[in-house]
Amino acid sequence: MAAGDLVSAATDAVVATYVIETGLDLERAAEILAGEQSTGTFVRVERESDALRDRFAARVVEITELPPADSSPLPGAVGDLGHRRRARVRVRFPLENSGPSIPNLLSTVAGNLFEIKELSGVKLVDLDLPPAFAQRYGGPRFGLEGTRRLMSRPTGAMIGTIVKPSIGLSPAELAELVGELARAGVDFIKDDELQGNAPHAPLAARVAAVMPVLERHADRTGVKPMYAFNITDDIDRLEAHHDLVVAAGGTCVMAVIAHVGLAGIAHLRRISGVPIHGHRAGFGALSRSDRLGISFTAWQKLARLCGVDHLHTNGISNKFYESDDDVLASVAAVRTPLPGLTSTVPVLSSGQWGGLAHATYAATGTADLLVMAGGGIHGHPDGAAAGVTAMREAWSSAERGESVAQALAASPALRRAAETFGPVRE
């Protein structure tokens, strides 16, 4: 079974894959990592018996050397730092050490190892988890099919947007914007991650302003766009925020995964009656360095286990640091089935607009995506409604197999978008 699969070959162990660099022998550095994260410390102690080690010690199962490091070592690293070596290392941890508990798993596979001075670089890049985790956490309740059903978009790309300006709109101004977007045919609207329960526009006031607009639109058209209210807060407030949204007829809640924690997401999933939109704000602190942290491939498995129905992956030609290859790998990771779990919807965001539809569709080969455009919709020269039209027409054209030239010829809204955002990508 490949290292990227959720379920490891053994049902009684977790296999964590790391990329390490070190000024020591690779085998020695890998053994230090395994020891520090299981039964060992810097010296053999009296009660660290052979029997205890046989039962609980982590084992290095594979070391594959990689090209040498070409960047500065982490602070405090020791060894021959002028001749550092890199390797992909797989370590087997007995499930008995943590049980199927994600917080305790993270203490094992992503704990003090980032501080080991013998490692001049270390990044957790993948996890193979036994079925016990899926059995305990359950994954998404709604996923792709439930999301499409609730927003009445059975096929095609799901077109979404973010409230812009990100923060500062009054509830009345927000309601006006939502009405405009709904009339334009948008499938999905979400609060920005910056807008939680702020004094100028508290959650209760936003819900009270937005939901009547969506309900009236549904009464007229039979379609109610999905609105993801940002309920990010202390864990003891998540349930009340969720209940407020659902009682008003809301069909989605959003939480910033890194800031409520994976345990917070798991708690929300246990009580949630609507899809959970998982935002990844703050994740870059874990992942941006190629020498330290946790990769998206590993992290997204844990987020999906905890129950997010939608998960941000970034988008091509984005305004952040990730390359197109990084983004496409993230989309593929989220679309890879995890045994026993409902699918999670990849959410493309950051610098997206209609002119990226053809390139995105060609690269991903799917329209089972929630494509979010903030400035790409609200910054359209003819207004937000035209921005929605440009997105919808571009994606529909791509899905029909038409060329960019055909799309531009048929869509005045897309042509006008290109005047502002630049050339349409092939």
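Okay, one definition before anything else: a cavity here is a set of grid points where a 1.4 Å probe fits but cannot get out, and its lining residues are the ones with an atom within 4 Å of a point. Keep in mind that we're looking at a predicted model.

So, how many cavities of 30 Å³ or more does the structure hold? There are two. Let's take the largest cavity, with about 70 Å³ of space inside. Its lining starts, in sequence order, with Val163, Pro165, Ser166, Ile167, Gly168 and Leu169, and then come Leu174, Asp191, Gln195, His200, Ala201 and Arg206. Sort that lining by class and you get six nonpolar residues, four polar ones and two charged ones. Asp191 and Arg206 are the charged pair, since Asp and Arg both count as charged.

The second largest cavity comes in at about 30 Å³. Around this one you'll find Met211, Leu214, Lys224, Pro225, Tyr227, Gly249, Gly250 and Thr251. Here the classes split into four nonpolar, three polar and one charged.

Hang on to Tyr227 from that list, because with a relative accessible area of 1% Tyr227 is a buried residue. Now to the rings. Across the whole structure, a search turns up six aromatic pairs. One of them brings Tyr227 back: its partner is Phe229, the centres are 4.3 Å apart, and with 35° between the planes the pair counts as tilted. And is Phe229 buried or exposed? Buried, because its relative accessibility is 0%.

Another tilted pair is Phe296 with Trp299, at 6.0 Å centre to centre and 45° between the planes. These two residues sit three apart in helix α11, residues 296-306, so about one helical turn separates them. Both of them are buried as well. Phe283 joins in too: ring pairs tie Phe283, Phe296 and Trp299 together as a cluster.

Next up, a couple of helices. First, helix α1, which covers residues 26-36. Which of its residues are buried? Leu26, Ala29, Ala30, Ile32, Leu33 and Ala34. Those buried residues pack against four strands, namely β1 (13-22), β2 (59-66), β3 (85-94) and β4 (121-128).

Then there's helix α5, residues 143-151. Its buried residues are Gly143, Leu144, Gly146, Thr147, Arg148 and Met151. What do they pack against? If you're following along on the structure, look for β5 (158-162), β6 (188-190), β7 (226-230), β11 (310-312) and β12 (345-348). The two aromatic residues from before, Tyr227 and Phe229, fall inside the stretch given for β7, 226-230. Right after α5 comes Ser152, and its phi is positive, near 55°.

Last stop: Thr366. You'll find Thr366 in the loop that runs between α13 (357-364) and β13 (370-372). Even though we're in a loop, Thr366 is buried, because its relative accessible area is 6% and the cut-off is under 20%. What does its side chain do? With the side chain of Arg335, it makes a polar contact of 3.5 Å. A polar atom of the Thr366 side chain also lies 2.9 Å from the backbone nitrogen of Asp368. And if you set aside neighbours within four places in sequence, Thr366 touches Arg335, Tyr361 and Trp395.

That's my tour, so have a look around the structure yourselves.

Note on methods
Residues numbered from 1 in each chain as written. Predicted model: local features only at pLDDT ≥ 70, side-chain atom pairs only at ≥ 80, totals over all residues. Heavy atoms only, no water. 1 Å grid on protein atoms, 1.4 Å probe; cavity = no way out; pocket = protein on both sides within 12 Å on 5 of 7 lines; lining within 4 Å. Points joined across faces, edges and corners; volume = space filled by probe spheres on them. Phe/Tyr/Trp six-rings, centres within 6.5 Å; stacked < 30°, edge-to-face > 60°. Buried < 20%, exposed > 50% of the residue type's maximum accessible area, 1.4 Å probe, protein only. Contact = heavy atoms within 4.5 Å. Polar contact = N/O pair within 3.5 Å; in protein donor to acceptor, adjacent residues only side chain to side chain.
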